[in-house]
Structure formats: C-alpha cells, structure tokens
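User: I want to learn how to read aromatic pairs and packing in a model. Can you take me through one?

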Amino acid sequence: MKPHLFIFGFLIAGFAAYNLFFALPDDKTNTLVNIVYASVLFGYISFMAFTVLRKLKK
C-alpha cells in the first residue's frame with residue numbers, strides 16, 4: 001500500500017506545482033487541465049479504495 005501512497009503524494013504535489021507555477025494563461029484551457037488532472041486524482045483514489053477493499057476481503 002505504501003507505493004500507492006507515494007504515487008498519490010506525487011500526483012498531489014504535481015497538481016499543486018502546476019497550479020502555482022505552470023498554470024496556463026488561457027482560463028478555459030487552464031480549467032480544462034485542472035478538471036482532467038482532478039479526474040485522474042479521483043480515479044486513483046477509487047483505485048486505492050478498491051485495492052484496500054479487495055485485500056480486506058481475502
């Protein structure tokens with residue numbers, strides 16, 4: 001489970017770094033990138049939860 005947490009921490013740090021330093025000047029494109037990135041983060045949270053539940057079932 002530790003590798004999943006490290007990957008998730010890396011994704012969160014990337015999201016914060018993007019919004020602080022690499023945000024696009026066009027608001028619409030920047031919003032689109034934020035939505036896609038947030039979707040990836042929530043998808044990874046779902047994957048981690050599914051993995052934990054599957055391990056608990058065994």
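**Reading rings and core**

Analyst: Start with one ring residue. Phe47 is partly exposed, because its relative accessible area is 39%. Keep in mind that this is a predicted model.

User: How many aromatic pairs are there?

Analyst: A pair of aromatic rings is described by the distance of the centres and the angle of the planes. Here the count comes to 3 aromatic pairs. Take Phe21 and Phe22. Their ring centres lie 6.4 Å apart and their planes meet at 70 degrees, so this pair is edge-to-face.

User: Are Phe21 and Phe22 buried or exposed?

Analyst: Phe21 is exposed, at 64% relative accessible area. Phe22 is exposed too, at 56%.

User: What about the rings of Tyr44 and Phe47?

Analyst: Their centres are 5.8 Å apart, with planes at 40 degrees, so the pair is tilted. Both residues sit in helix α2, 3 residues apart, which means about one helical turn between them. Tyr44 is buried, with a relative accessible area of 15%.

User: Which residues make up the largest nonpolar core?

Analyst: Tyr44 is one of its 5 residues; the others are Phe8, Leu11, Leu41 and Met48. Helices α1 (2–21) and α2 (27–57) each give two or more residues. The largest share, 3 residues, comes from α2.

User: What does Leu41 touch, beyond its sequence neighbours?

Analyst: Leaving out residues up to four places away in sequence, Leu41 touches Phe8, Leu11, Ile12 and Phe15.

User: And which residues does His4 touch?

Analyst: His4 lies in helix α1. By the same sequence filter, its contacts are Tyr44, Phe47, Met48 and Thr51. His4 is buried, because its relative accessible area of 18% falls under the 20% cut-off.

How values were computed:
Residues are numbered from 1 along each chain as its sequence is written. This is a predicted model: local features need pLDDT of at least 70, side-chain atom pairs count only at pLDDT 80 or more; totals for chains, interfaces and linings use all residues. Side-chain values use heavy atoms; hydrogens and water are left out. A nonpolar core is a set of buried Ala, Val, Leu, Ile, Met, Phe, Trp, Tyr and Cys residues joined through side-chain atoms within 4.5 Å. Buried means under 20% relative accessible area, exposed over 50%, partly exposed in between (1.4 Å probe, protein chains only). Helices (H or I, at least four residues) and strands (E, at least two) are DSSP runs, numbered from the N terminus. Contact means heavy atoms within 4.5 Å. Rings of Phe, Tyr and Trp (its six-membered ring) pair if their centres lie within 6.5 Å; planes under 30 degrees apart count as stacked, over 60 as edge-to-face and the rest as tilted.
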